[in-house]
Amino acid sequence: MKTTTRVAVIGGGVVGCSVLYHLTKLGWSDVMLIERSDLTSGSTWHAAGGFHTLNGDTNMAALQGYTIRLYKELEEITGLSCGLHHVGGVTLADNRDRFDMLLAERAKHRYMGLETEIVTPEEIAKIAPVTNTDGIIGALYDPLDGHLDPSGTTHAYARAARMGGASIETHCHVHETNQRPDGTWDVVTDKGTIHAEHLVNAAGLWAREVGAMAGLYLPLHPMEHQYIVTGEVPEIAAIIDAGGEHPHVMDPAGESYLRQEGRGLCIGFYEQPCRPWAVDGTPWTFGHELLPDDFDKIEDSIAFAYRRFPALERAGVKSVIHGPFTFAPDGNPLVGPVPGLRNYWSACAVMAGFSQGGGVGLMLAQWMVEGECERDVSAMDVARYGDWITPGYTRPKVIENYQKRFSVSYPNEELPAARPFRQTPMYDVFDSLGAVWGHQYGLEVPNYFAAPDEPRFETPSFRRSNAFQATAREVKAVREAVGINEVQNFGKYLVTGPNARAWLDRIMAGRIPKPGRLSLTPMLSPRGRIIGDFTVSCLNETTFQLTASYGAQAYHMRWFQQNEAEGVHVENISDRLTGFQIAGPKAREVLSACTRDPISDMKFMDIRHACIGMVDCLVQRVSFTGDLGYEIYCDPMAQRALWETLWTAGQAHGMRPFGMRAMMSLRLDRFFGAWLLEYGPDYTPAETGLDRFISFTKDTDFIGRAAAQAERETGPARRLAAFEVDADDADVNAYEPVWIDGTVQGFCTSGGYSHHTGKSIALALIPAGQVQDGRQAEIEILGQMRPARLIATPLFDADGARMRG
């Protein structure tokens, strides 16, 4: 056995073998995989082996497409069979909401290059003849769907990795992982100690236990999952005898997936009375065992399946496969460098290993070898969860995600499990004012405030919801008087030290302000991609406060730590600093009434310390609403006192609280982009307009400068543009295709309804040459082509006079 290696991958399932192969594919041959038993032990060996491209996140869908296309390449490289069956698949819709979801997914697929299509009940009956189409509105057909041999596929990954120089050590049990002072790792096994520069946790069912060896908690949990294989089904036998194969059928209403298995059928369920497994830890002795059959928990699912697929009831049960596999709280994998642990990488919670394993392996290998991924992997980045997450939170969220595996995923849906968890001192106050709650990074955040006669729940929908009127009231209050909301849900960082300014000049692409001022700046990756959208406030020459997205805290802190320097100290103070934003034409009058300190002469982008009522605060003259506004920061212990002061003074000026729904409407009036919508690792500053905040005149070689400079000289191929859309009862959400001159030439990054102007607005990336005021286009919303017109002038305060005045 090797005793030194560049990378040690722990876990010999499909994900670990994929990571190993992709590392060799990108040129790292000194890599090894350690498996305590045989390859495929754990979830891989008993997997149903189905694969599909459908995923609500477009980057995840693209990676699933990559995974599926990779299998033929693996067969060609290795000479091994993956047992591929590209039979296609249909996802059924039996109500309008499910059909809306399929229409939205089909629209996304147009610009992704995925050849899916919407089919009618009559077409379903021909494509998937075992299906009873009574009550079915339509379906999404995907020709890429299919199934494979899990063992053959895993061994093909392994052989391809070995051909690239990798080594694989089976029957080698890891007992400890200990980090050396230089950041490398000692992996202690029952065969000896392996010294590795990098460690990858791909341990699947045992990922929690392997993580704990390094003092790490990974938010995942195994769930029991059961599928049934029938005896011969005459309808399937007839298809086979005619030289064909029956496609997959996903039936969200029945929480089931069905495919052909030999001359019979295989059907699996995501039943509501589901069960978490190994709550207190996965036994090391578990591996190729199955769990006892449990028909009771799938009794209702089977009854529904008999109605949807009558042939099932006539077929006998040949075998039952009941085994565990792991989920993260949102169902997506946990991938990437673990924040706070140098050279420790996660490749866990990949519950759809044969749909996602190839993409996970590719992204992790790119991250390790090249320093960043080719696309935005935020949806599966292990850093999307912070130190606040606990097993007590993870388990109910995993159960909820399992139960909703085949449910409609709405763009405005707020799932209830494990909530409320993290709350600010304002929670009960806002709740008494009618707050309808959302959540971000575990924190309860008001989405909007319902009137006493309105429900305290937003109906999930692809169309305009029952939050529409409440949001309109809040927008009106901000634009005509003054609104107030919390700034807790901003990520906040304190950067101090004698080299703080020099460090920020290197980390940030924009200008670093002088004392008493703030600036807006993108933070770039080495390839010039947007990895942060920051406000930088200079408190003094050695003290700076940064603000950005609250949900990106672990992501941004990981980057700061990876680029640490002497003479600089960075602290995450997101939950140690809170306060409020007030915005609207009366904002200055309200604030002036609350303090004896000079505030009225603050210029746009000034910062100043002031005593507001009894509370010492940092006041910043800036607002994401695009209106006259202030951000006011204070100690959380004093937040309630600050609220009483501002709220009492605000009543004479028509102050109202406003939530995130209003905020996202208000920002559209000024065409402001938002994090992970317009601004994220898929995009560059020149594409999105953030290049106007880059300081190309500063003499610092900031990260990403060469790439940004090159794009500045050549110009981007696409640009962000705003459109006014002739919408009906549904507005743009994200990723709708933009049709220009009869072809798809771009896609929407986000959109919504501008309550201030009464217009439906979309922000979209289109070819740079098409960005012309008045450009006519069509945007496909829920299967309908809606006329759209490019607008170059902001809808509110176009010259910024009110915002800056």
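Two strands count as paired when DSSP finds at least two bridges between them. In this predicted model, strand β4 (residues 89-93) and strand β13 (residues 248-251) pass that test, since three bridges link them, and they run in the parallel sense. One spot to look at is T91, which sits opposite M250 in β13. In general, strands of a sheet are held together through backbone hydrogen bonds, and the pairing can be parallel or antiparallel.

Zooming out from that pair, β4 and β13 belong to an open sheet of eight strands, which goes β5-β6-β4-β13-β14-β15-β12-β16. The pairing across this sheet is mixed. At the edges are β5 (117-119) and β16 (317-327); each has a single partner strand, so one side of each is left without a neighbour in the sheet. Neighbouring strands here are turned by 25° against each other on average, if direction is ignored. The sheet also has a helix lying on some of its strands: α11 (residues 391-403) lies across β12 (221-230), β15 (264-269) and β16. Relative to β12, helix α11 runs at about 25°.

Further along the chain there is another open sheet, made of six strands in the order β28-β29-β30-β27-β21-β31, and its pairing is mixed as well. Its edge strands are β28 (607-612) and β31 (655-657), and each of them pairs on one side only. Ignoring direction, the average turn between neighbouring strands of this sheet is 25°. Inside the sheet, β21 (residues 482-486) and β27 (residues 578-583) run antiparallel and are joined by four bridges. To find one of the matching positions, start at G483: its bridge partner in β27 is A583. A helix goes with this sheet too, namely α17 (residues 639-650), which lies across β21, β27, β28, β29 (615-620), β30 (629-634) and β31. The angle between α17 and β27 is about 15°.

Back towards the start of the chain, two helices meet. The axes of α1 (residues 14-25) and α2 (residues 58-78) come within 13 Å and cross at roughly 70°, which means that α1 is roughly perpendicular to α2. On the α1 side, the contact is made by Y21, H22 and K25, while α2 brings in Y66, L70, E73, L74 and I77. Sorted by character, the residues of this contact come out as five nonpolar, one polar and two charged.

A few backbone details are worth picking out. R419 and P420 are joined by a cis peptide bond, with omega at about -10°. P420 is found in the loop between α11 and α12 (427-432). Then there is F671, whose phi is positive, near 60°, even though the residue is not glycine. F671 lies in the loop between α18 (660-669) and α19 (685-688). With a relative accessibility of 17%, F671 counts as buried, because the cut-off for buried is under 20%. D741 is not a glycine either, and its phi is positive at about 55°. D741 belongs to the loop between β33 (737-740) and β34 (743-754), but its relative accessibility is 65%, so D741 counts as exposed.

Finally, an unreviewed UniProt entry carries the annotation "domain: Aminomethyltransferase C-terminal" for residues 718-797. Over residues 718-797, the chain is 59% strand and 0% helix. The end C-alpha atoms of this stretch are 26 Å apart.

Notes
Residues are numbered from 1 along each chain as its sequence is written. This is a predicted model: local features need pLDDT of at least 70, side-chain atom pairs count only at pLDDT 80 or more; totals for chains, interfaces and linings use all residues. Side-chain values use heavy atoms; hydrogens and water are left out. Helices (H or I, at least four residues) and strands (E, at least two) are DSSP runs, numbered from the N terminus. Axes are lines fitted to C-alpha atoms, for helices over the stretch in contact, and angles run from 0 to 180 degrees between N-to-C directions. Contact means heavy atoms within 4.5 Å. UniProt positions are given in the numbering used here, feature names are shortened, and annotations may be inferred rather than shown by experiment. Angles under 35 degrees count as roughly parallel, over 145 as roughly antiparallel, 65 to 115 as roughly perpendicular and the rest as oblique. Ala, Val, Leu, Ile, Met, Phe, Trp, Tyr, Cys and Pro count as nonpolar, Asp, Glu, Lys and Arg as charged, and the others, Gly among them, as polar. Buried means under 20% relative accessible area, exposed over 50%, partly exposed in between (1.4 Å probe, protein chains only).
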